[in-house]
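Thank you all for coming; I would like to spend a few minutes walking through one model with you. Please have a look at the sequence and the structure as they come up, and then we will go through them piece by piece.

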Amino acid sequence: MAIDKSSSVSPKAIVELINNMTALEKEELSRLLDVKIFEELRPSKTSQNGRRIGDPKFYLGTTPRGLNLEIPMEKFSSVLQLFLKDISPQKIEIFLSSPENFKELKLTPQAFQNLIISEPDYFINRRALIEMDDNEIITSGGGCISMVLNPAIMRKRNELASKIVEACGYTHQFKRKQFYAIVWDDEMEIKEQ
Amino acid sequence: MKKIAKSTISFYRLLIEHSLKPYEPSPQHILERMLLPLCEQFNEIIKHGTKNDTWNVIQGFSKECDLLKHK
């Protein structure tokens, strides 16, 4: 049986090797092979400490002072709107940053609302620190968000988190102090403690 | 505190929060969403900031590190 040695040692080379076998050799191979051997060769989706590796479709989790989110960026305006409604801030300050440019904006709540309604994509691919009174939101442009909440809003954190989940197209009412919700494929995995 | 200092501290907090998640974010995510913004802001502070801004950032980082003490 001739094997092209220029092929790299890869699945392609193995397929070529099998294709070059006679029917009898293939039959013998099928008796010897255990599929589990190949499954063990697959790259693991979890790290050594058992945590899954990768970036989920959606994540919402509590932090010591607020919430951490990974949401579809197109939902960011909706999340900002419900945040604006829930905390009713008196003043809003925004610090936008990019490699070439750093800019500060001071807006009234109404002006801010007008901005996110008229330009829902305003924060897409922008890095921004958004301060609503003494609440703080940092976004790095891809739906990756951290919120630091003042004590009054912290007391309503479960309610706010449930609304964010809903704004992103899922449903869950959080009941405990610490929790996370995560979506990798379609189903939402929830842990509360 | 200047906004640049506050924003830099916030991106550092975001980085710490990612290390505490129940999953391990991809290296690309860490690079794009946290490390590049931090590097840009460090550059801005070096170019246009004051020693006081630098002190505020380090002090802010130290406070965020307290979050890890409870882990």
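Let me begin with a question: with which residue does B:Glu24 form a salt bridge, and how far apart are the closest N and O atoms? Before I answer, please keep in mind that what you are looking at is a predicted model. The partner of B:Glu24 is A:Arg51, and the closest N and O atoms of this salt bridge are 3.5 Å apart. Between chain A and chain B the count of salt bridges is eight, and across the same interface there are 22 residue pairs in polar contact, both residues being at pLDDT 80 or more. On the side of chain A that touches chain B, the largest share comes from strand β8, residues 144-148 of chain A, which supplies four residues. Sorted by character, that side of chain A divides into 15 nonpolar, twelve polar and ten charged residues.

How many residues does each chain bring into contact with the other? For chain A the number is 37, and for chain B it is 29. The size of an interface is often given as the accessible area lost when the parts come together. Here the area buried between chain A and chain B is about 2,800 Å², with carbon and sulfur atoms giving 53% of it.

B:Glu24 comes up again when we turn to the strands, since it stands opposite A:Ile53. Strand β1 of chain A, residues 52-53, and strand β1 of chain B, residues 23-24, run parallel and are joined by two bridges.

Turning to chain B by itself, we find three helices and one strand, and along the sequence they follow the pattern α-β-α-α. The C-alpha atoms of chain B fill a box of roughly 40 × 30 × 15 Å, taken along the principal axes. Of the 71 residues in this chain, 48% count as buried, and among contacts between residues at least 6 apart in sequence, 65% join residues at least 24 apart.

Now to chain A, where I would like to look at strand β2, residues 58-63. Why can we call β2(A) largely enclosed by the rest of the structure? The reason is that six of its six residues are buried. In a regular strand the side chains alternate between the two faces of the sheet. In β2(A) both faces are covered, with A:Phe58, A:Leu60 and A:Thr62 buried on one side and A:Tyr59, A:Gly61 and A:Thr63 buried on the other.

As for its partners, β2(A) pairs with strand β9 of chain A, residues 179-183, in the antiparallel sense over four bridges, and A:Tyr59 stands opposite A:Ile182 there. With β3(A), β2(A) is joined by five bridges, again antiparallel, and here A:Tyr59 stands opposite A:Glu70. These two strands, β2(A) and β3(A), form a hairpin with two residues between them.

Finally, following chain A past β3, we come to A:Met73, which lies in the loop between β3 (66-70) and α4 (76-87). Is A:Met73 buried or exposed? With a relative accessible area of 9%, A:Met73 is buried, because the cut-off for that word is under 20%. Leaving aside residues up to four places away in sequence, A:Met73 touches A:Phe123, A:Ile124, A:Thr139, A:Gly141, A:Gly142 and A:Gly143. By contrast, A:Ala13, 60 residues from A:Met73 along the chain, has its C-alpha atom 42 Å from that of A:Met73.

Methods
Residues are numbered from 1 along each chain as its sequence is written. Chains are lettered from A and ligands numbered from 1 in the order in which they are written. This is a predicted model: local features need pLDDT of at least 70, side-chain atom pairs count only at pLDDT 80 or more; totals for chains, interfaces and linings use all residues. Side-chain values use heavy atoms; hydrogens and water are left out. Contact means heavy atoms within 4.5 Å. Buried area is the accessible area (1.4 Å probe) that two parts lose on being put together, summed over both. A salt bridge is a side-chain nitrogen of Lys or Arg within 4 Å of a carboxyl oxygen of Asp or Glu. A polar contact is a pair of N or O atoms within 3.5 Å; within protein, one must be able to donate a hydrogen and the other to accept it, and residues adjacent in sequence count only if both atoms are side-chain atoms. Ala, Val, Leu, Ile, Met, Phe, Trp, Tyr, Cys and Pro count as nonpolar, Asp, Glu, Lys and Arg as charged, and the others, Gly among them, as polar. Two strands pair if DSSP finds at least two bridges between them. Buried means under 20% relative accessible area, exposed over 50%, partly exposed in between (1.4 Å probe, protein chains only).
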